[in-house]
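Take a look at the model below. This report covers a few strands and helices, and how they fit together.

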Amino acid sequence: MVVRVGYARTSTAQEEQDTSIEGQIVELERAGCVKVISERRSAFKGKNRPGWDELWSLVGRGGVDEVVVADQSRLSRSGDDMEFLELCAARGTKVIALVGGEIEIESIGGFMQAGMMSVFSQMQSRLTAAKVRDGLRRRKAEGYYACGMVPFGYRYDGQRVVPCPENWEKARLMWTGLMDAGCNVSGWIAATKADWTPRGVKAWIANPILRGIVRGEHGATEALISWKEWAEAQNMLKTRSRMRGQAAHRVHLFTGLVQCEACGKSLHNVKDRAVPRLKCKTRTCSQYGRGLRVEIVKKKVIDALAGQAAELAKTATAPAKEPPEAGQIRAQIEALEAARLAGVDGLEDKVDNLRRQLKALQQVDGSARYEVLAELFSDPATLELATDEELRAVVLRFVEAITWPGGLESLAITLR
């Protein structure tokens, strides 16, 4: 039996597109698809496409003989349709378009045709977006305002933007409340139960009309806030943004320590139905979307360590050596810090990322003392009672490699 999976997509959730996606689903079912994945997401701007990710996962796992779509543009308008076609070719999965027939990239002619269609879809979406932006710009320049362009507290009287008598005081109270909350937008929404989204509130704060600026003309309408108040709000938002960027990066027990044998990449920590698991997230890997429970990995690692507890206990108090990668990362951090002192901007995120990598590579966490490791090995049974922090220190110190070859319980553990 041919396992045929269909994929239907429209760019928006507007009712006008109901007919389109329903029609796609009907045609795909008529084509013999045993499963039809449908979603209403943009394939040009949107990165969050659960249906698209599910299709990748199904093909990556194998067992799908054909993927059927209305046409190639349904797959993507951002270029990753070519990557998907490469995955399908590697898995022996055919991709069929109801309009145009089979889409293949193994032959030169097929690769050229698929590539041209991919570029054409991207160009078409970019052209449409450019036209929309140009139309909005011209309408704004002519004095027209689309819904949402006039901020809360104002209205358009047909000729110009003026304060809205019904909402003016409410808008002022909203501003005062946000400032009292230190521009903690989410906290203010939760406390007031306001019917706003964090993104909407931030856009409202940034709207120049609140400062009396309309179409670049200062003083064109009455200002809700002063320039000083606006500057204070911007500083608060920037400070909160920096604080979020410096939030502690959580390192799980096996972060970066378990490699997929098929692709050589580290397995990712995920929660599947509230159960902690390690999964391969490399889309082109044959094990994409598969993995095993953290509980199983932990048990096998403890068993491997317990089997060599006597030998490991002898060396538990010896100082650990830093891996060579740590020295390289430290050198990169020093170079970037020097560049920052020299006046180069925009390096904060890179430095923070390197520091997190360095922390993950540290052989023994600062709070996990060597004498504690020796105590753990004195009785192999105590390993099962060790905290994740203590056990990670042990694994980093005494385990050379943990490789997952596939399967629900298979694992290869090499001790140092």
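Two strands count as paired if DSSP finds at least two bridges between them. With that in mind, start at strand β1. The model is a predicted one.

**Strand β1 and its partners**

β1 spans residues 4–10. The table lists its two pairings.

| Partner of β1 | Residues | Sense | Bridges | Residues that stand opposite |
|---|---|---|---|---|
| β2 | 35–40 | parallel | six bridges | Arg9 and Glu39 |
| β3 | 66–69 | parallel | four bridges | Val5 and Val67 |

Is β1 buried or exposed? Seven of its seven residues are buried, so the strand is largely enclosed by the rest of the structure. Its side chains go two ways. Arg4, Gly6, Ala8 and Thr10 point one way, while Val5, Tyr7 and Arg9 point the other way.

**A buried helix**

Helix α14 covers residues 388–398. Eight of its 11 residues are buried, so this helix is largely enclosed by the rest of the structure. The buried residues are Leu391, Arg392, Ala393, Val394, Val395, Leu396, Arg397 and Phe398.

**Two helices that pack**

Now turn to helix α5 (residues 168–180) and helix α7 (residues 198–206). Their axes lie 12 Å apart, and the packing angle is about 105°. Angles of 65 to 115 degrees count as roughly perpendicular, so α5 is roughly perpendicular to α7.

Which residues make the contact? From α5 come Ala171, Met174, Trp175 and Leu178. From α7 come Val201, Trp204 and Ile205. The contact holds seven nonpolar residues, no polar ones and no charged ones. An α-helix has 3.6 residues a turn, so residues three or four places apart point the same way.

Methods: Residues numbered from 1 in each chain as written. Predicted model: local features only at pLDDT ≥ 70, side-chain atom pairs only at ≥ 80, totals over all residues. Heavy atoms only, no water. Axes fitted to C-alpha atoms, helices over the stretch in contact; angles between N-to-C directions. Helix = DSSP H or I, 4+ residues; strand = E, 2+ residues; numbered from the N terminus. Parallel < 35°, antiparallel > 145°, perpendicular 65-115°, else oblique. Contact = heavy atoms within 4.5 Å. Nonpolar A, V, L, I, M, F, W, Y, C, P; charged D, E, K, R; others polar. Buried < 20%, exposed > 50% of the residue type's maximum accessible area, 1.4 Å probe, protein only.
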